[in-house]
Amino acid sequence: MSNTLSGLDRLSRRAERGNVPLSVQFEITGRCNLDCQHCYLDIKKPPPEMSTETIFGILDQLAAAGTFFLAITGGEVFLRKDLFQILRHARGLGFAVRLFTSGTRMTRAHAKEIATLGLVAVEMSLYGAKCDVHDTITRRPGSHRKTIRAALMLRRLGVPVVLKSPVFAGTAGGHRDFMKLAERVGAHGKLDPSIMIRRNGDPAPTHLRSSANELAVVLRDLLDIKPGDPLPPPADPDSAPCAIGRRTARIGPEGNVYPCSTYPTHVGNLNETSFAKIWFGDSPLLARLRAVKFSDFGPTCTGCAKSGYCSRCLAMAVIEHGDERAPVAQACRIAEGREIAAGVVDAMPAPGLVAARERNAGRRSLPLVG
């Protein structure tokens, strides 16, 4: 396993140096049959979708550009009747494919066909072990049962399944039940401490964010952090905070190309020009994002002791604060959760520090929750 990981690490570094889009998230639809409270998509106004043939052509271009890891996602991918045509074409090109779905529209026939494709995994959103919690989040009664049913169908056919969920406010203790349920299903459980505001700027999902104290409970278990464990040292000021615009990209349903899976501004459209011209061309936005280093951030972040374990996200900074170099309140909270888990700080952060961070966080700063 260690040799595999080191090999992937070397591959990732080479991809970053050459701006090779090693990993691409392809949203083939913005439509969804659920209405999740925290979803960053605007499902009431989904964008137009590209034809099957156009998607085939884009997949060909990605293969030529050096993409290897491909996530096919939505919206709900099973709302597209040509989903399996797209998946077969992607596998024929040699992509390592992950399929993102709620599983609520999956049939036995679908599961059997998925089992023939050799996907890396099917990743499903499941918001807790309890039906009522999940169905409240999705606003669709019975959706929890449908997702579990789909996961079981796939596992019985030998398909790798990932059950994933954000860590919602007030549910931190429930993460253990979630992980146990995933184990019983035979799936890998995955929890994400981040909850984004919607891409249209609506901050409604932020009320579901966990506090640093709640995150600490989860992180102690997931990362096996114990009081007294050392935290990583500050990041190298000359290093990049993430792989944005270098080895990762997103393609929207309408053909827009984005610098990463989250960044809100596109750098070109595939109905108008090729992926190679967009990605390897002279985009000022891509050039700027590729050049960002930790030392470029403002005084609140430059030299911050948390930088070595901060989930710093340029895209989140833009979405929430209007500036990719601005401090990100949510990233600070997650870092605080790690500190509380390790016993570096007390469980209740000083309100004055929170207020100061919010004042420095840019013109679109959002309040911390919890």
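Colleague: Before we count anything, what makes a salt bridge here?
Modeller: A salt bridge needs a side-chain nitrogen of Lys or Arg and a carboxyl oxygen of Asp or Glu. This is a predicted model, where local features need pLDDT of at least 70, side-chain atom pairs count only at pLDDT 80 or more, and totals for chains, interfaces and linings use all residues. Residues are numbered from 1 along each chain as its sequence is written, and side-chain values use heavy atoms, with hydrogens and water left out. The N-to-O cut-off is within 4 Å.

Colleague: OK, how many salt bridges does that rule give?
Modeller: Side chains of opposite charge can pair when their charged atoms come close. With the rule applied to this model, the count comes to 18.

Colleague: Which residue does Arg139 pair with, and is that partner buried or exposed?
Modeller: Arg139 sits in the loop between α5 (131–138) and α6 (143–156), and its partner, 104 residues apart, is in the loop between β1 (23–27) and α2 (52–65). Helices (H or I, at least four residues) and strands (E, at least two) are DSSP runs, numbered from the N terminus. The closest N and O atoms are 3.5 Å apart, and the partner is Asp35. At 18% relative accessibility (buried is under 20%, exposed over 50%, partly exposed in between; 1.4 Å probe, protein chains only), Asp35 counts as buried.

Colleague: What is the closest N and O distance for Arg88 and Glu113?
Modeller: Arg88 lies in helix α3 (residues 83–92) and Glu113 in helix α4 (residues 108–115), so this salt bridge ties together parts 25 residues apart in sequence. Arg88 is partly exposed at 41%, and Glu113 is partly exposed too, at 29%. Their closest N and O atoms are 2.3 Å apart.

Colleague: What about Arg98 and Glu123: which strands hold them, and how accessible is Glu123?
Modeller: Their side chains meet in a salt bridge at 2.7 Å, N to O. Arg98 is in strand β3 (residues 96–101) and Glu123 in strand β4 (residues 121–125). Arg98 is partly exposed at 32%, whereas Glu123 is buried, with a relative accessible area of 5%.

Colleague: And which strands stand at the edges of the sheet?
Modeller: Nine strands form an open, mixed sheet in the order β6-β5-β4-β3-β2-β1-β7-β8-β9, where two strands pair if DSSP finds at least two bridges between them. Each edge strand has a single partner, so one side is left without a neighbour in the sheet. Those strands are β6 (188–192) and β9 (268–269).
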